[in-house]
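Take this model one piece at a time. Begin with a contact between chains, then turn to one chain on its own.

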Amino acid sequence: METLIFALFASLALGSSIVVVAHKNPIYSTLSLVVTLFSVAVLFVLLGAPFLGVLQILIYAGAIVVLFLFVVMLLNVQREEMPHSGQPGQRVAALLGAVVFAAFLVLLFWRAGSPQGQPLTEEFVSLKALARQLFSTYLLPFEIVGLLLLVAVIGATVAARKPPEVEETASKEAAP
Amino acid sequence: MNPELVATVIKLVVIVGFLINVVPVMLWVERRGSAYIQDRPGPNRLGPLGLFQGLADAAKFMFKEDVTPAAADKPLFIMAPILALLPAFTTFAVIPFGPDLQVGGRTVPLLIANADTGVLLFLAVASLSVYALVMAGYASNNKFSLMGAIRASAQLISYELALTLSVLAAIIPASSFHLADVIQYQRDHVWSVLPQFVGFVVFVIAAFAETNRLPFDLPEAESELVAGFHTEYSAMRFATFFMAEYISMTCLSALGVTLYLGGWSLPWVEYHGWWGAILGFATLIAKISVCLAFFVWVRWTFPRFRYDQLMRLGWKVLLPLAIANLIGVSAATVAGWL
Amino acid sequence: MSPVPVSWYLLLAAALFAIGAAGALTRRNGISIFLSIELMLNAANLTLVAYARQLGDHTGQVIVFFVMAVAAAEAAVGLALFIAVFRNRLTIDVNRMNLMRW
């Protein structure tokens, strides 16, 4: 049963990630990213991290990608025309990349074998265990991340607003 | 046959049956209720008191011609109504609808998704409903639809913040995301609406905005943007959006009732065995019905918010209020008052 | 013992990372590059959670928690920058962002 779920959502993640990378229409790319994120969230739950799975949907799929969608629509991002004739040597580079990737995979399996994880205990999956770690050992990074989010909010607001000099020059011209 | 699987399937059938039947009942309540408020008879021809109006509406939706705009983005156009319906149905999975049942020596908790991360799952799935709106507006290839979709999604994500913060404040005294624990806390102490009244008000206002109901229904208002993001949808596709709106209203009411008004439990009542479960489910349905009647009442009483007033209310009033509420509830819990 | 070996998850994460990297290197559209970066971040998250499962330690999950928060911050600021750049250049085609080219 677990193998079936893994096979289904892993192939869904792979398929939709290829659509993200290859599709010309940015709206379809963004929506395929949602499917990928959802599949990865299911895989998190299979790996004994249900809290992270739910957070993945809440933060990534529910907020970040919505932001992407907004920007795509606001900027009216057009369909991208892929160059028909690739750069010279693009095919060779792609082939070389695939060979290197396969070599890495062989190395991964050779060294690591095929280890089974320990069986998932109720204690490992529970929220309390994660929270205990988060708020004791990792308390300082937690607070710093809070500060980081505040800085990001301020930075994003400043970066995206209209520049104020336009109104000043307009009022200077209108005054005398 | 795995007994847990059988129990889950039976619970699914009960809940989905309940949710599907909400729509025709709400149709009748909305029409007659609005007529009563506006001092006119309302539908009274089909059956006694017009009770078969829902059947007539269903038949109309099924037989109407389904028009798809020629330049519309077909896959997204077709998927948008389905995507609106999925989060609406799924969010009810974490709401407990009765006390634990003892069946043949094992305890069956009466909720579909017995996950530790209960409320977070609700919020996560509810936040996916934005995509249906955006897809509908974009795929219609219509400027009014796109404007309506962007406004609706901006409204949804703005009020999601206030909603999430008020939900978090409600579960802090119970120290658990699991809604059964929240109900148990309210049975041991008092319904959370009394000590956390500010949070309740924030939740109610945010719930109105999340379901696109008046006074926050500018994105789909007929006199404003034709019909907003569902302008180009007809017949069954429009009916699907309609259904999705009513079902998400029901699910948000169920969440509000569970967090603040005690869920399936009544104070000073004991719940035993099968009769207890039925009584609990009936209590939950009654409380949800009161909330839905309140939705209808507010819709036909208030004028609607303009878009900039709406955004100002969400960011400058509700969000600080929700944050202050969260801080207050946390302080009270640490001090031992809650 | 789980029937799915942990190395399968690592394999999937490696594949997702490679796909994301290919996208980030070949796309011309700024938003698409950003989406590919998010894909790479997700692949890294999957690796971390898989190792947390194998070693029975929660550290991997805590790191993923932080990575998600940082990714959210990065997405917000990055998209704000895109909007600011678009206001000036009226395009987000990264081949046209060539003011600093030698």
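The paragraphs below cover a chain contact, a helix pair and two loop residues.

This is a predicted model: local features need pLDDT of at least 70, side-chain atom pairs count only at pLDDT 80 or more, and totals for chains, interfaces and linings use all residues. Residues are numbered from 1 along each chain as its sequence is written, while chains are lettered from A and ligands numbered from 1 in the order in which they are written.

Chain C brings 56 residues to its contact with chain A, which brings 61 residues. Contact here requires C-beta atoms, placed from the backbone, within 7 Å. On the chain C side, H3(C) gives the largest share, 21 residues. That side has 42 nonpolar, 11 polar and 3 charged residues. Nonpolar covers Ala, Val, Leu, Ile, Met, Phe, Trp, Tyr, Cys and Pro; charged covers Asp, Glu, Lys and Arg; the others, Gly among them, are polar.

Now chain B. Helices are DSSP runs (H or I, at least four residues), numbered from the N terminus. H3 (residues 74–90) and H9 (residues 235–260) of chain B pack at about 20 degrees, axes 8 Å apart. H3(B) and H9(B) are therefore roughly parallel (angles under 35 degrees). Their contact residues comprise 10 nonpolar, 2 polar and 1 charged.

Most residues other than glycine have a negative phi. Asp39(B) has a positive phi of about 60 degrees. Asp39(B) is exposed, with 6 C-beta neighbours inside 10 Å. Asn212(B) also has a positive phi, near 55 degrees. Asn212(B) is buried, with 22 other C-beta atoms within 10 Å. The cut-offs are 20 or more for buried and 12 or fewer for exposed, with C-beta atoms placed from the backbone.

Conventions. Two residues are in contact if their C-beta atoms, placed from the backbone, lie within 7 Å. Helices (H or I, at least four residues) and strands (E, at least two) are DSSP runs, numbered from the N terminus. Axes are lines fitted to C-alpha atoms, for helices over the stretch in contact, and angles run from 0 to 180 degrees between N-to-C directions. Angles under 35 degrees count as roughly parallel, over 145 as roughly antiparallel, 65 to 115 as roughly perpendicular and the rest as oblique.
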